[in-house]
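This briefing looks at how side chains pack inside one protein and at how its aromatic rings are placed. Please keep the sequence and the structure in view while reading.

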Amino acid sequence: MLAELRGLNEECGVFGIWGNPSPAHLSYYGLHALQHRGQEGAGIVVSDGQHLRAVKGEGLVNDVFNEDKLKAVNGKAAIAHVRYTTAGGGGIENVQPLLFHSSTGSLSIAHNGNLVNATHLKQYLERQGSIFHSSSDTEVLAHLIKKSSHSPFRAKVKNALSLLKGAYSFLIMTKDEMLVARDPHGLRPLSLGKLGDGWVVASETCAFDLIGAEFVRSVEPGELIIINDEGVKSDRFADMEKRSMCAMEYVYLARPDSDIDGINVHMARKRMGKQLARECAHIEADVVTGVPDSSISAAIGFAEESGIPYELGLIKNRYVGRTFIQPTQELRERGVKMKLSPVVQVVKGKKVVMVDDSIVRGTTSRRIVKMLKDAGAAEVHVVISSPPMTNPCYYGIDTSTHEELIASSHNVDEIREAIGADSLTFLSVEGMVETIARPYEDENRGLCLACFTGKYPTEIFPDTILPHEKELLR
């Protein structure tokens, strides 16, 4: 629900294209499709086969690029990025793709995710003489690649990637090739597509649909894909670990028209809504409404399963100022009334089921419940299509402390009282896992559930560089 207001934001989105005469323009459209993954900065780096050139800036895609800027950086390949500020903070120096020049050639990197051992790697590299120009954890990879004594370049990249811990989808480009890597757990989505004789890579398949590309397959966890003028080659930099795709991609983060590992996000959310209705069949109500936009699919599923009519009880105003570009708590709270309006004739005198995807702080939920009651709703029953978020995320969603999460310190009834709802029901962990229905047989069906269960798929704060890692750094 309105992540721009309540602070549930994904780190970034990445897009890459190789072998096309208009890579900058297609990257622009690809970033439009991924704009929901980051609204604070955007950039494109283009290769013409000889040089890498960048155009980037703070703000939305439309604010950063224009026709003159795109024409100035045209070539045959590009990587691109939209950013939401979490690790490293804001500032133009942290807007990606990052671009590095040296006597041995130029290198550009775009990253989606968060490295949990970046601080310790950075401290180690600085002791070895590295100088960092940004506060982004992404820059660590560039220094590791440059420091590696391996040869050729691909071996340097594989060596560097093997030192990273956390969530990452990387696009790495030189003037000659593009390398694509996904962390061994597959925490963040990344897909490979085909456009004519060229190749496309994106965080979500909705970017393929916009530019007319054909989906080929998901990038495998631990896989390194090399794309150049000769075509596509698959390699590995690490063995695949236990699959742990972030469950919040299906619940909230991804666009409903995207497919992740063959599962359509809209259909997964609709199934979660149906399961939620089964789990709270005791609720008697007159109308079901969803908090736009990410909760609409679940609300439709809830209405179908429960037999309670679905109505547009809340309308999102899409043309107000984008206050979320500076994601402070004060702006989140002020922005709720600007962003949402109740449909009085739908909710007045009615018992309303309000479907939402998650509760983070509880501030926005409280204001929406109050808004519906002020509009005349007789009762407001809040149902959430995910379990309570009790634990921080260290993999790229900006909920990095327990203090930010109301469910970390309050039980369900205390949260219900805090938001002013007549009842509050969360989807069970088991119900969510089964209805997302990923095609894997392990206990979590290949999902990361850390924010709900506290069981993280990786080390969270690796506090040292291990002896075998020091050997890899040489």
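The points below cover the nonpolar cores, then the aromatic pairs, then the charges placed over rings.

The model is a predicted one. Its largest nonpolar core has 49 residues, and the structure also holds six aromatic pairs.

**Nonpolar cores**
- Within the 49-residue core, the members that touch the most other members are Met248, Tyr250, Phe302 and Met432.
- Elements that each supply at least two residues of this core include the helices α10 (265–279), α11 (296–306) and α16 (429–436), together with the strand β20 (351–356), while α9 gives the most, with six residues.
- Apart from this core lies another, of 28 residues, among them Ala42, Ala80, Val82 and Val200.
- Leaving aside residues up to four places away in sequence, Tyr250 touches residues including Ile260, Val265, Met272, Ile436 and Leu447, as well as the charged residues Asp261, Arg269 and Arg438.

**Aromatic pairs**
- Tyr28 and Phe65 form an edge-to-face pair, with 6.2 Å centre to centre and 90° between the planes.
- Because Tyr28 lies in helix α2 (residues 23–33) and Phe65 in the loop between α3 (61–64) and α4 (67–72), this pair ties together parts that are 37 residues apart in sequence.
- Tyr28 is buried, with a relative accessible area of 17%, and Phe65 is buried as well, with a value of 5%.
- Tyr28, Tyr29 and Phe65 form one aromatic cluster.
- The ring centres of Tyr168 and Phe170 are 5.3 Å apart with the planes at 45°, so this pair is tilted, and both residues are buried.

**Charges over rings**
- Lys122 lies over the face of Phe132, at 5.0 Å from the ring centre.
- The charged end of Lys194 sits over the ring of Trp199, 4.8 Å from its centre.

Terms used:
Residues numbered from 1 in each chain as written. Predicted model: local features only at pLDDT ≥ 70, side-chain atom pairs only at ≥ 80, totals over all residues. Heavy atoms only, no water. Core = buried A, V, L, I, M, F, W, Y, C linked by side-chain atoms within 4.5 Å. Buried < 20%, exposed > 50% of the residue type's maximum accessible area, 1.4 Å probe, protein only. Helix = DSSP H or I, 4+ residues; strand = E, 2+ residues; numbered from the N terminus. Contact = heavy atoms within 4.5 Å. Phe/Tyr/Trp six-rings, centres within 6.5 Å; stacked < 30°, edge-to-face > 60°. Lys NZ or Arg CZ within 6 Å of the ring centre and 35° of its normal.
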